[in-house]
Amino acid sequence: MKKVAVLGSGNGSNFQVIAEYFQGKDVEFTCISDKKDGYILERAEKLDIPAFYVPFSQTYEFFKDKNYDLIVLAGYMRILPAEVLALGNFINIHPSLLPSFKGIDAIKQAYNYGVKVTGVTVHYVCEEVDAGPIIAQVPVDIEPDMSLFQLENVIHAVEHKLYPFVIENILYDKVVDPSLKLGIGGGCGGCGCH
Ligand code: GRF
C-alpha cells in the first residue's frame, strides 16, 4: 500500500480527481489544509479520506514522524522551508509552462501577456517558488478568440488528467510520457505516427 498526502489551501479540485482516480487502487490518501475552512477538507470528508487542518506553523511537527511515499501540493498557497521539504518527496502542479509565469494568477499572466501557447507543469518542490526540477509539461494553445475563462477551463481540465497520471508514474517508477499516454499535448494531434 502506497501512502500519499495531498496538501491544499482552497478549492481542491485536483485533490478530488486524484482521489477518485486512485479509488480501489493500492494507494491510501491523507488530505491536509493550512486553511481551516478550505473546501478541500470538505471534499476529503465526502470521499471518506482522513482530513486534517494543519496550520502552516505546525507543518514540520505534522510530517516529522510520517512516512509518505509522496507529498502532493495541489493549490497549497505556502512556501515550505527546507526542514519540511527534507521530510519527504514533494511535488507541485502549476498552471503555466515553467519557468514562464511563476506565482499567483499564472493563467491570467500568460493570457494578458499574449503568449500563444501556455500549459501545465508538474515539478518537484524546492524552497524557491515554482522552481524545482520539472517532471512533466503539457502545452495548451491560446486560440485568438479564447476568453480567459475558457482558457482557465482548458488548463484545469489538463491538470485533472495530468496530475493523477504523473502521481501514478512516480509511485510505481514508470516513465512519464503524458503526450503519448493521454492524447493531450504532443506534436501531431493523435495521428498515430509515433
Ligand atoms: C491549480 O490551478 C494549480 O495548478 C494551482 O492551484 C490551483 C489549485 O486548484 N497550483 P484546486 O484547488 O486543485 O482546484
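## Working through the ligand site and a few odd backbone spots

The ligand takes up the space of the largest pocket. Keep in mind that this is a predicted model.

**Exercise 1. Work out which residues surround the ligand, and how they divide into nonpolar, polar and charged.**

Step 1: start with the list. The residues around the ligand are N11, G12, S13, N14, G75, I93, H94, P95, H156 and E159.

Step 2: sort them by type. The shell splits into two nonpolar, seven polar and one charged residue. Glycine goes with the polar group here, and E159, as a Glu, goes with the charged one. I93 and P95 go with the nonpolar group.

**Exercise 2. Find which helices and strands each supply at least two residues of the shell around the ligand.**

Step 1: look along the secondary structure. The elements that fit are α1 (13-21), β5 (90-94) and α6 (148-171).

Step 2: match them with the list of neighbours. S13 and N14 fall in the range of α1, I93 and H94 in that of β5, and H156 and E159 in that of α6.

**Exercise 3. Pick out polar contacts of the ligand with N11, S13 and I93, and say for each whether side chain or backbone is involved.**

Step 1: take the ligand's oxygen atoms. A polar side-chain atom of S13 sits 2.5 Å from a ligand oxygen. For N11, a side-chain N or O atom is 3.0 Å from an oxygen atom of the ligand.

Step 2: turn to nitrogen. Here the partner is backbone: an N or O atom of the I93 main chain lies 2.9 Å from a nitrogen atom of the ligand.

Step 3: add the cover. On its own the ligand has 370 Å² of accessible area, and the protein covers 83% of that.

**Exercise 4. Which peptide bond is cis, the one that joins L98 and P99, and where does P99 sit?**

Step 1: check omega. The bond joining L98 to P99 has an omega of about 10 degrees, and it is cis.

Step 2: place it. P99 belongs to the loop between β5 and α5 (106-113).

**Exercise 5. F101 and D130 have positive phi without being glycine; locate each and decide whether it is buried or exposed.**

Step 1: take F101. Its phi is positive, about 55 degrees, and F101 is in the loop between β5 and α5. Its relative accessible area is 17%, so F101 counts as buried, the cut-off being under 20%.

Step 2: take D130. Phi of D130 is near 55 degrees, and the residue lies in the loop between β6 (117-124) and β7 (134-141). With 10% relative accessibility, D130 is buried as well.

Note on methods:
Residues numbered from 1 in each chain as written. Predicted model: local features only at pLDDT ≥ 70, side-chain atom pairs only at ≥ 80, totals over all residues. Heavy atoms only, no water. Near = heavy atom within 4 Å. Polar contact = N/O pair within 3.5 Å; in protein donor to acceptor, adjacent residues only side chain to side chain. Areas by Shrake-Rupley, 256 points an atom, 1.4 Å probe, with all protein chains shown as cover. 1 Å grid on protein atoms, 1.4 Å probe; cavity = no way out; pocket = protein on both sides within 12 Å on 5 of 7 lines; lining within 4 Å. Sits in = over half its atoms within 2 Å of the grid points. Helix = DSSP H or I, 4+ residues; strand = E, 2+ residues; numbered from the N terminus. Buried < 20%, exposed > 50% of the residue type's maximum accessible area, 1.4 Å probe, protein only.
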